[in-house]
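Got the viewer open and a selection box ready? Let's take a walk through the model, one stop at a time.

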Amino acid sequence: MPLTRAQVRHVAQLARIALEPGDEEFYAEQLSGILEHIDRLQEVKADDIPPTAQVVEVTNPLRDDVPRPCLTQEEALANAPAAVNGFFRVPSIQEEA
Amino acid sequence: MSELTELTIAEAARLLRLHSISASELVTAHVERINKVDHLVKAFLRFTPELWEKQAEEADRQLHREEGGLLTGIPLAVKDVLCVKGIETTAGSQILRGFRPPYTGTAVSRLFDAGAVMIGVTNCDEFAMGSSTENSGYFPTHNPWDLDRVPGGSSGGSAAAVAAGEAMIAIGTDTGGSIRQPAAVCGVVGMKPTYGRVSRYGLIAFASSLDQIGPFARSVEDAALVLDAMAGNDPLDATSSDRPNDVRRDFDKGVKGMRLGMPREYFDVEGMEPGVNDAVREAIKALENAGAEIVDVTLPHTDYGLASYYIIAPAECSSNLARFDGVKYGMSVQDVDNITDMYMRTRRQGFGEEVRRRIMLGTYALSTGYYDAYYLKAQKVRTLIKRDFDEAFAKCDAIVSATSPVVAFPMGSRTQDPLSMYLCDVLTLGGNLAGLPGISVPCGTSQGLPVGLQVLAPQWREDVALRVARAYEVASGVKAEVASVA
């Protein structure tokens with residue numbers, strides 16, 4: 001199933017990736033090519049087959065609920081592009097009233 | 001002494017214990033080798049003198065006291081997806097430029113504890129997405145056997161470093177073949193363990209249900225030693241198994257009486273080169289002559305493996321890579337109107353083309369209206385692929401095939417067609433979908449370039465994969481050699 005340019009715009013918005021001039025056509029074409037191969041999955045009859053999400057043999061191991069050392073605030077912020085007063089700093093998340 | 005860069009661990013450990021050489025001399029020999037060839041190979045993104053100086057000194061102190069183990073003083077290269085405290089770690093991506101992890105991952109810290117000496121950080125495809133290391137956000141790595149060709153990927157820098165004698169051992173990660181395929185095309189040994197064998201704590205995640213950390217080396221024994229040192233339960237990774245670490249059991253017992261399965265589908269895949277096919281069939285003949293029984297097996301859903309993988313891996317990546325938002329670490333576009341604008345522009349600029357392509361593909365496959373047709377269906381096909389392996393392993397102890405259907409290809413020859421790049425992994429990704437251990441061992445050449453024999457074993461049977469690979473090494477006398485690098 002080929003991907004339309006409108007679908008590329010929608011997916012890019014969901015994935016939080018900006019599109020620059022040329023990107024829409026580029027991804028519509030490339031993702032359509034890959035999906036054409038992937039569509040062969042529809043040939044497989046698998047209605048009664050359970051899905052496999054992972055192949056791990058352990059389930060929900062729990063550790064003892066005791067406090068232990070963790071990163072300091074300073075260490076946690078050391079790689080932050082912008083920090084202020086011990087917080088990560090981000091641009092405004094809503095319009096001013 | 002250039003030959004110091006051609007030793008195996010056992011040979012180096014012997015010289016270190018005899019005090020014929022010191023760990024500092026061993027590291028210096030590798031640094032000199034790097035100075036001579038790495039401007040051509042470009043296996044490394046960064047070097048770590050601050051680590052190798054201290055670690056080599058400590059190794060020499062231990063050796064002086066007749067302490068330490070086989071890995072004490074052994075020069076190690078680490079793929080740029082494994083966090084090392086204070087050492088810039090970027091997953092081959094511009095979005096993480098400058099990131100210095102506040103902690104060291106378990107696999108690396110276990111090798112440090114065993115005495116390994118870290119030389120540097122190796123190049124890879126961005127976020128381990130690729131089969132040629134051409135998707136690195138920094139520069140491509142070259143194949144030491146032919147500098148105009150790719151070293152495979154995504155762990156191409158680790159494979160090339162070991163092949164070129166720039167490191168004695170290296171570690172990488174394998175999500176669809178990213179250890180085994182570069183090992184094959186660079187002519188070294190590379191192993192992906194069973195999912196859960198090695199802790200993923202401190203690994204920058206690509207696809208969490210598929211990723212595993214594993215070793216590169218120039219002999220099967222060396223690979224086994226490195227794996228042994230990294231393996232075992234880690235409370236910091238909830239998927240790590242608490243099974244006993246028995247990967248080196250029966251290592252040297254040979255293949256007499258073992259049944260080795262040849263999946264007919266794996267010898268008939270799209271794009272299989274005749275020279276690769278010939279070299280691998282000859283290798284299997286050598287195993288038969290060494291006493292193995294060769295049996296035909298079938299993996300009927302092989303044709304659907306790539307499609308299943310290229311839904312599951314991108315879906316998991318689209319979720320894992322959501323954390324790169326310009327807030328906590330790495331690149332951040334600051335000249336913006338609001339936070340959504342910052343997310344979107346940071347991710348457009350920071351991620352390369354292939355990473356963006358996979359995030360979009362995964363996001364699409366998980367989006368409303370497409371989830372059942374793509375993601376759920378791919379997971380059902382994953383079940384069928386796993387069952388194929390279960391049925392095949394009822395008839396044989398291990399599965400043998402080529403690792404890569406092609407030898408190292410010319411740089412730039414597949415970058416325009418993503419699907420042709422993805423097809424490089426067609427013989428390896430089944431092992432990831434089913435969580436199996438797999439090893440690639442050099443088995444001769446085609447067109448003058450290295451070919452790899454892949455051995456896949458049932459889950460938790462690294463011992464079987466290593467035993468078969470070792471038996472091949474002994475029977476054939478084929479050794480991983482150090483490329484001279486023109």
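Two strands count as paired here if DSSP finds at least two bridges between them. With that in hand, and keeping in mind that this is a predicted model, select residues 75–79 and 169–174 of chain B: these are strands E2 and E4, which run parallel and share three bridges. Zoom in on B:Ala77 and you'll find B:Ala170 of E4(B) standing opposite.

Now widen the selection to the whole sheet. In what order do the strands of chain B come? Going across, you pass E1-E3-E2-E4-E6-E5-E10-E11-E9-E7-E8, an open sheet of 11 strands with mixed pairing. Colour E1 (44–47) and E8 (293–297) of chain B: each has a single partner strand, so these two form the edges, with one side lacking a neighbour in the sheet. Rotate the view and look at the twist: ignoring direction, neighbouring strands are turned by 30° against each other on average.

Next, add residues 49–64 of chain B. That's helix H3, which packs on the sheet and touches E1 and E3 (117–122) of chain B. The direction of H3(B) makes about 155° with that of E3(B).

Staying in chain B, pick H9 (residues 302–320) and H11 (residues 353–366). Their axes come within 7 Å and cross at roughly 100°, and H9(B) and H11(B) are therefore roughly perpendicular to each other. Show side chains at the contact: H9(B) brings B:Ile311, B:Pro314, B:Ala315, B:Cys317 and B:Ser318, while H11(B) contributes residues including B:Ile359, B:Leu361 and B:Leu366. The contact's residues divide into eight nonpolar, three polar and one charged.

Keep H11(B) on screen and jump to chain A, residues 5–14, which make up helix H1. Which residues of H1(A) are buried? They are A:Gln7, A:Val8, A:Val11 and A:Ala12. Look down the axis of H1(A): these buried residues fall within an arc of 135°, so they line one face of the helix. Their cover includes H2 (23–38) of chain A together with H11 of chain B. Just past the end of H1(A), click A:Arg16, where phi is positive at about 55°.

Last stop, the interface. Select the 43 residues of chain A that are in contact with 53 residues of chain B. On the chain A side, the elements giving two or more residues are H1 and H2, and H2(A) gives the most, with seven. Colour this side by residue type and you'll get 30 nonpolar, seven polar and six charged.

Definitions and conventions. Residues are numbered from 1 along each chain as its sequence is written. Chains are lettered from A and ligands numbered from 1 in the order in which they are written. This is a predicted model: local features need pLDDT of at least 70, side-chain atom pairs count only at pLDDT 80 or more; totals for chains, interfaces and linings use all residues. Axes are lines fitted to C-alpha atoms, for helices over the stretch in contact, and angles run from 0 to 180 degrees between N-to-C directions. Helices (H or I, at least four residues) and strands (E, at least two) are DSSP runs, numbered from the N terminus. Angles under 35 degrees count as roughly parallel, over 145 as roughly antiparallel, 65 to 115 as roughly perpendicular and the rest as oblique. Two residues are in contact if their C-beta atoms, placed from the backbone, lie within 7 Å. Ala, Val, Leu, Ile, Met, Phe, Trp, Tyr, Cys and Pro count as nonpolar, Asp, Glu, Lys and Arg as charged, and the others, Gly among them, as polar. A residue is buried if 20 or more other C-beta atoms lie within 10 Å of its own, exposed if 12 or fewer, and partly exposed in between; C-beta atoms are placed from the backbone. The arc is that of the directions from the helix axis to the C-beta atoms.
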